[in-house]
Amino acid sequence: MTASDSAPLRQISELPNHIGERVRLRGWIRAQRSSGKIRFVEVRDGSGSCQCIIEASDEAAFQALDGQGIESSLIIEGEIREEPRSPGGVEMGANFVEILQTSQDFPISRKEHGIDFLMQQRHLWLRSPRQAAILRIRHRLIQAAREFFDENDFTLVDTPIFQPGAAEGAGTLFEVDYFGNPAYLAQTGQLYLESAAMALGKVYCFGPTFRAEKSKTRRHLTEFWMIEPEVAFLELPGLQELSEQFISHLVQSALKHNRADLEFLGRDLSKLEAIQAPFPRLTYSEAVDMLHSPELHEKLSAELEAEQARAEAMQSEIEEKEKLHKAGGKAWKMEKLQREIQALRDELKELEIWLQNQPAHIEDAKSFTWGDDFGGDEETILSKQFDRPLIVSEYPAGVKAFYMKQNDEDPRTVLNLDVLAPEGYGEIIGGSQREENLDILLEKMKEEGMDPEPYQWYLDLRRYGSVPHGGFGLGIERTVAWVCGLKHIRECIPFPRLMGRMQP
Ligand code: 4AD
Ligand code: MG
């Protein structure tokens, strides 16, 4: 049998609509096995994967698949049949195969790989179904963000990446040589966006931002994508509402369009379904009281005990499985056991680290002093107490950026908001009302040791029709991590840039 020119090219995702038809697919081999008389080839094409079955009587096609390893690229043709047991509900009875390129020894197999290895192979790792699911959810969240601002009459304004100075503290600036003068990669588009808000009212920007973060945490990238709205005449209560509407829209959109991907990642969907406005609100001072409260500490000790018990149970489960493995058996059963043992060991290792550190975190929470910034640990503890994102406002001025508006009711604090995602994920949004008073702003810059000269254009916004205004920034990768239920931010961007990683 040769390829019939008439067989139409289809995407795997559309196959359920073509049962009984002869179609052509183009893609890559994810796996294949053979019983001698029949071959099962799992083909993926980016839109999904499809089991293709080739019988030995179709000699040419059968032989073409000889020696083709994982990720060999091919064209395959055959009839689509209903198959309720396969994921898409269909399979292909194939009788034509054309190999485009033979791939052998693809570095990533189904066995467990270490994270460093996978990161080095990131360009190939993206082909795994898990990574593809994460990328699709990232796409959806970005799409939903644009949709949200579009539907609410915001104008997209692109802000520059080369900038003359700092907006979020000089400590995390990346300096580049700009024709002999220093320039800096954007930490935020905000200052430019403020001037656009004075022109257009409601604006947003979306682009890559850069921070020379010398911290190796699961929440920090050196290059991340931020979506930032900025609105003239919007004050803190309005910003709180905008942030909860925005986040609810993102999460509900992912649930609507990417349910299968979220399920594939093992995400607890009920946790996402709960993400509906209104969100709980605390001032910073209330949050500090909470960190000190006996009720919280009772809860934390109970959690610690329960996790200790869980670790012990996991340890016995591992020993149990190891015994079974020692006893031996069918190869596929042994492989499955081995995978399960490895997964349990990884989980236990992480849990043990948590158990080791948590007592210190609990002590830190108890002794937290008003005026300090919340670290990741305080954020984790606070955000675990709620089933929706927590909006914390009015932080001490000393730990926040120069542009944040002073709180007239308590001048020690500013009119800002941080939104902490639940389940311990922590800050996904940071923002504030902006200081619109020229004199106060100048004073603030002086206190911070900033030279006002490069900021004259920014100060002009306070000279020519200054009005109350505000906005915030949402980090896409942290949002992806939370929505997907991932522990580390590094899988939430196609090619992560971390303190210790520039390759590939
Ligand atoms: O809180 P940040 O620093 O706020 C700003 O940059 C403001 N200028 C935004 C504004 O008001 N227009 O950052 C905002 C968000 C954080 O909440 C977090 O989600 C993300 O950006 N973010 C990072 N994400 C990954 N890696 C990093 N190093 C990040 N730093 C901030
Ligand atoms: Mg912040």
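Biologist: How do you know that there are three parts called domain 1, domain 2 and domain 3 here?

Modeller: The domain assignment of the protein gives them: domain 1 covers 12–101, domain 2 covers 119–280 + 386–492, and domain 3 covers 285–366. Please keep in mind that this is a predicted model. Taken over C-alpha atoms, the centres of domain 1 and domain 2 are 45 Å apart.

Biologist: Thanks! What are the overall dimensions of the C-alpha trace along its principal axes?

Modeller: The trace spans about 85 × 55 × 45 Å. Within the protein there are 15 helices and 16 strands. Of its 504 residues, 49% count as buried.

Biologist: Let's turn to the ligand. What makes a residue part of the surroundings of ligand 1?

Modeller: A residue is near the ligand if one of its heavy atoms lies within 4 Å of it. For ligand 1, 24 residues surround it, and the closest are Glu-168, Gln-190, Arg-211, Glu-228 and Glu-427. By class, this shell has eight nonpolar, eight polar and eight charged residues.

Biologist: Which strands each supply at least two residues of that shell?

Modeller: Strand E11 (223–232), strand E15 (426–433) and strand E16 (469–475) do. E15 gives the most, with five residues.

Biologist: Why is the pair formed by Thr-188 and ligand 1 called a polar contact?

Modeller: A polar contact is a pair of N or O atoms within 3.5 Å. An N or O atom in the side chain of Thr-188 is 3.1 Å from a nitrogen atom of ligand 1, so the pair meets that cut-off. Tyr-403 has a polar side-chain atom 3.3 Å from a nitrogen atom of the ligand. Gly-430 uses a backbone N or O atom instead, 3.4 Å from an oxygen atom of ligand 1.

Biologist: How much of ligand 1 does the protein bury?

Modeller: Taken alone, ligand 1 exposes 620 Å², and the protein buries 94% of that.

Biologist: Now a single residue: why is Lys-405 called buried?

Modeller: Buried means under 20% relative accessible area. Lys-405 has 13% relative accessibility, so it counts as buried. You can find Lys-405 in the loop between strand E13 (390–393) and strand E14 (416–421).

Biologist: What is Lys-405 in contact with, leaving aside its neighbours within four places in sequence?

Modeller: Its contacts are Val-414, Leu-415, Gln-433, Arg-434, Glu-435 and Glu-436. With Glu-436 there is also a polar contact of 3.5 Å between the two side chains.

Biologist: Which residues of helix H5 are buried?

Modeller: In H5, which runs over residues 190–200, they are Gln-190, Leu-191, Tyr-192, Leu-193, Glu-194, Ala-196 and Ala-197. These buried residues pack against strand E7 (162–163), strand E10 (202–210), E11, helix H14 (456–460) and E16. Gln-190 is also one of the closest residues to ligand 1. Just after H5, Gly-201 takes a positive phi of about 85°.

Biologist: One last stop: where is Gly-36?

Modeller: Gly-36 is in the loop between strand E1 (22–34) and strand E2 (38–44). Leaving aside neighbours within four places in sequence, Gly-36 is in contact with Ala-56 and Phe-62.

Biologist: How far apart in space are Gly-36 and Glu-305?

Modeller: From C-alpha to C-alpha they are 55 Å apart, and 269 residues separate them in sequence.

Definitions and conventions
Residues are numbered from 1 along each chain as its sequence is written. Chains are lettered from A and ligands numbered from 1 in the order in which they are written. This is a predicted model: local features need pLDDT of at least 70, side-chain atom pairs count only at pLDDT 80 or more; totals for chains, interfaces and linings use all residues. Side-chain values use heavy atoms; hydrogens and water are left out. Domain bounds come from an automatic or database domain assignment. A polar contact is a pair of N or O atoms within 3.5 Å; within protein, one must be able to donate a hydrogen and the other to accept it, and residues adjacent in sequence count only if both atoms are side-chain atoms. Accessible areas come from the Shrake-Rupley method with a 1.4 Å probe; for residues, only the protein chains shown count as cover. Helices (H or I, at least four residues) and strands (E, at least two) are DSSP runs, numbered from the N terminus. Ala, Val, Leu, Ile, Met, Phe, Trp, Tyr, Cys and Pro count as nonpolar, Asp, Glu, Lys and Arg as charged, and the others, Gly among them, as polar. Buried means under 20% relative accessible area, exposed over 50%, partly exposed in between (1.4 Å probe, protein chains only). Contact means heavy atoms within 4.5 Å.
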